[in-house]
Amino acid sequence: MKRIKISELKPEELNDSQETIVLESQGEVIGYYHPICPKKDMAESWEVLNQALEKVAVELGIDKETLINALDTSKPFPSNLFPVKS
């Protein structure tokens, strides 16, 4: 495990790391950075996500951007996405 002072942390250390990093401040551990997957797998993961979003959007009869906006919790859920049938 690599130990880094938070004041000396550089973004490229997070991007390039394949191991857990212990983050320290004033000699105390304040957190951990755990890479979720090797960098080479990240592009594949994004492609799988994109394909899943496309498939769900087609099944719902909406475009992918509308689906993404509906899933964005910082925005209100669009009330017209699934109209109530009477």
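1. Let's start with the charged pairs: searching the whole structure turns up 3 salt bridges. Keep in mind that we're looking at a predicted model.

2. One of these pairs is Arg3 with Glu24, whose side chains meet at 2.6 Å, N to O. It links distant parts of the chain, since Arg3 sits in strand 1 and Glu24 in strand 2, 21 residues apart. How accessible are the two ends? Arg3 counts as exposed at 52% relative accessibility, while Glu24 is buried at 14%.

3. Next come Glu54 and Lys64, with their closest N and O atoms 3.7 Å apart. Glu54 belongs to helix 2 and Lys64 to helix 3, so this salt bridge ties together parts 10 residues apart in sequence. Glu54 is partly exposed, at 37% relative accessibility.

4. Lys75 and Asp72 also form a salt bridge, at 3.9 Å from N to O. Lys75 is partly exposed at 38%, and Asp72 is partly exposed too, at 27%.

5. Now the sheet. It's an open one with 3 strands in the order 1-2-3 and mixed pairing. Strand 1 (2-5) and strand 3 (28-33) each have a single partner strand, so one side of each has no neighbour in the sheet. Strands 1 and 2 run parallel and are joined by 4 bridges; Ile4, for instance, has Leu23 in strand 2 as its bridge partner.

6. Finally, the largest nonpolar core has 6 residues: Leu53, Ala57, Ile62, Leu67, Ala70 and Leu81. Helix 2 (39-60) and helix 3 (64-71) each supply at least two of them. Setting aside neighbours within four places in sequence, Ile62 touches Ala57, Leu67 and Leu81.

Key. Residues are numbered from 1 along each chain as its sequence is written. This is a predicted model: local features need pLDDT of at least 70, side-chain atom pairs count only at pLDDT 80 or more; totals for chains, interfaces and linings use all residues. Side-chain values use heavy atoms; hydrogens and water are left out. A nonpolar core is a set of buried Ala, Val, Leu, Ile, Met, Phe, Trp, Tyr and Cys residues joined through side-chain atoms within 4.5 Å. Buried means under 20% relative accessible area, exposed over 50%, partly exposed in between (1.4 Å probe, protein chains only). Helices (H or I, at least four residues) and strands (E, at least two) are DSSP runs, numbered from the N terminus. Contact means heavy atoms within 4.5 Å. Two strands pair if DSSP finds at least two bridges between them. A salt bridge is a side-chain nitrogen of Lys or Arg within 4 Å of a carboxyl oxygen of Asp or Glu.
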